[in-house]
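These are my notes on the cysteines and on the annotated membrane segments, set out as numbered points for you to check against the coordinates.

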Amino acid sequence: MRSSVIFVYLLLSILCVYCSQPKRIVDQMYISFDHARYCVRRLNGTHEIGCQSSASGNSGRMYMIDNDEEFNSYLMNTKLIDSSGSFIIVLNVNLFNTYYVDKLITSLSSKLNGLLLYLKSTPSRPEYFSHDDQCPNHRYSYYLNQTEIINWNSKGTGLFFRSFPFPIMLIDEEDDYKQLIKFYRQFNYSQSSSPTCGLELKSFQNAAHSSKTCIRRNDISHSLIDLEETFCDPVGGLNIYSKLPQSFIIIPKKRQPKSVILILTTTDSFQMFLKIKGTTGGAQQPATSLITFLALAHLIGQEQNEFKQQDKEIIFVTLDGDALDYSASFKFMFDMINGSFPIGNQNEEPIKVEHIHSIIEFQSLSLTDKLSLYTYPSSLINQTFIDTLVHNNPMIIPMAVDSSLPPASSQIFLRQTSSLSFPAYILTSTNQNQLSNHYYHSFFDDPSTLSINISSLEYNSTTEFSQWIKNIVESFGQTLIESFVGIKKNVTIKQEIINNLVYCILKNINCPLIHNVTNQSTGNSFDSSNETSLPFSINTYPVAATPTFPFVQNILSYFLRDRIYDTYNLNETTCKQYSNNDSFCSYTYVGGYAPSIMSEQSFDGYCVRSYIRSVSSMSPAFTIDNYDLSQTTYPAWTESRWTTISLRLFVIPTRKHEIITLVIGILLLSVSFIVCFILRYYTNISLLQPSSS
Amino acid sequence: MVSLSKKSPEERLNICRKYYRAGFAFLPLLWLINAIWFYKQAFKVEPYPQQAQIRTYVIRSAIGTLIWIIIIVAWNITFQLLRTKMGPLGDFLTFVYPRGYY
């Protein structure tokens, strides 16, 4: 009796060890694609845009359409369409435009349960892929009131701003595509009588209807339930500004009118398809403009002794949030009109509209032979400045007087001042009223469009692109000195600095440059973003841990630092003492970036005196009391929150298979009932009898 | 479990009266229980002196229950149909927001 028990026990344990599979059955049923890009929901004051799936995912029969003929044959194949209740159409990314999508929606209506786009291989990417509008940022007449509407992005589909009731995802990795096609060919032979592939797309978004509804629901909390659920977050990041820390206008000294020049660029972009830990695009817009901006800041910082001789201040400003209805520019102008620019020290005299001399903006630059200079209004522009600039750089072509402006932040600066106060100069890459960027606001906008081979790019590689930037920046710096200081001087910037900037921004943020210009603890925060390029996407408030802002802040403030401190050999404690005495500037102790330092002596560490300010760039719509978000005075964009995004492939069995499974299941159920009944019947008898032992 | 057959007629009347009176404190379920529990006592059992009074209480409880059912069903239908059209008021009245949908 004892030995038989032990034997049974041993047998069971051996069986358990050998037969138990570590994988769950559900893992064997589904193939999941973890590197898919997905589309999310965003809302503005009155509408919602983007995609929404059901909470447990949208599933359906998979059907792959590779080209136009297959598309037409699918739509005419009514037998196939009737065979299944829901479809997930797998579409070649070249077919993703309004014509095909609208046709699918009208033909399939509620049977279209999701869309999966695929890219066969990196070289086969479409020539144009932009889902922004044909005239970007033209909603609610934010466009400067000009007579003609020009389609700057004529190949834009506008699909980003439409609301889809189903999820849309995109597969851009070649391995994923190969796996998908392998399963598809394996299973989808004939139309209905064999097992077919099915897909499940899950990208459930929490927010709904409009920003107004969503923000209202965020704020209402019933005190009985403690958990507050946030449905959406307002769009906004940081507007960063910096200048040479030479002189400050301290109250009661008055600031001279027309004594401030603003140099503008943007630090954000958007993509219709996001990926966790994936590239965000943005190489042409805004990275090229940002690199030019930072290099120009270095040049101005280098020639700061010249600029000290004149009375105009040059302030470098980055705006975050302008891709969606110019939220950041509205916030900047709102602050300026209300006297809170610059922020920080109350003793500093505020800069108001009458103090601005002019604004210069770098926008949508691409690697082109010719650059266009747009200026507005003709009554205020300084023709000598334009002539000097064109003389110094023959690549720049000034556009006709009072011609329509391309999408640029300057439009809002001019709009809020009715174009009566200061002129705007916009440098951009357009050709006959068309942006040169084929991938405007898309994740395909990567360094390969700038003729850069990103895999072979090193920290100090000189590329055609970095030489092109050097050309532009030097001519610009020369023009600024000629116009404001009044002397002709050939200024140069070291090619190494531009190479380093290109490497850091387009390939790897965790580069020696950023470690040289930050103190230990800030530098360590970049280690987590190793081997990633600077992300350019929509930022929301509260500001997430994106490395873009600390990167721009530290580099901009270092480039515009007070260079006299490069000659002082100071240690960290002295540096801290200086910062206690000065309330306008910040002092940091850093390792020092060698190509930027002009003095012959080199020290272990440098104290950096710089002027840097960061302000939240959330639209004024969210900060003004009792502002009705459905008004169109200020943009009110928010981004929905979401939890899990998943894409899974499974096999839909044939009808025969399903019926057999059901019948076996019912049989098994009835057999188990019978066995239990019989056992109960017999054990009932034996339990009543006394045991014989 | 309280068994009414074991109670004396005065005690039965007492219980019925308590349920009837307590139901006025916006407790329609008490009226519903009252009507169902005492239905047999009021109409099906041999008559005894307190039965007439119990009968009135049961009938009034039943009427009260019916009125409450009408009110609750009407409000439910109104809320379901007009929640989104009421704007901010609809959101203030909602306790759990539908995630992802208006």
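1. The model is predicted, and the UniProt record, an unreviewed entry, lists residues 20-39 and 59-79 of chain B under "transmembrane region". Residues 59-79 of chain B are 100% helix and 0% strand, with end C-alpha atoms 30 Å apart, whereas residues 20-39 of chain B are 70% helix and 0% strand, with end C-alpha atoms 13 Å apart.

2. Over all chains the structure holds four disulfides, and those of chain A follow the pattern 1-2, 3-4, 5-6, 7-8 when bonded cysteines are counted along the chain.

3. In the disulfide between C39(A) and C51(A), the sulfur atoms are 1.9 Å apart; the torsion about the S-S bond is about 90°, so this disulfide is right-handed. C39(A) lies in the loop between strand 2 (36-38) and strand 3 (42-43) of chain A, and C51(A), twelve residues away, lies in strand 4 (residues 48-51). Both C39(A) and C51(A) are buried.

4. C214(A) and C232(A) are joined with an S to S distance of 2.2 Å. Because C214(A) sits in helix 7 (residues 211-219) and C232(A) in strand 11 (residues 232-234) of chain A, the pair ties together parts that are 18 residues apart in sequence.

5. C575(A) is joined to C607(A) by a disulfide (S to S 1.8 Å), and C575(A) in helix 18 (residues 572-581) is 32 residues from C607(A) in strand 20 (residues 606-616) of chain A.

6. Why is C585(A) not bonded to C607(A)? The sulfur of C607(A) is the closest cysteine sulfur to that of C585(A), but at 11 Å it is too far for a bond. C585(A) is buried, with a relative accessible area of 8%.

Conventions:
Residues numbered from 1 in each chain as written. Chains lettered and ligands numbered in written order. Predicted model: local features only at pLDDT ≥ 70, side-chain atom pairs only at ≥ 80, totals over all residues. Heavy atoms only, no water. UniProt positions renumbered as here; feature names shortened; annotations may be inferred. Helix = DSSP H or I, 4+ residues; strand = E, 2+ residues; numbered from the N terminus. Disulfide = S-S within 2.5 Å. Buried < 20%, exposed > 50% of the residue type's maximum accessible area, 1.4 Å probe, protein only.
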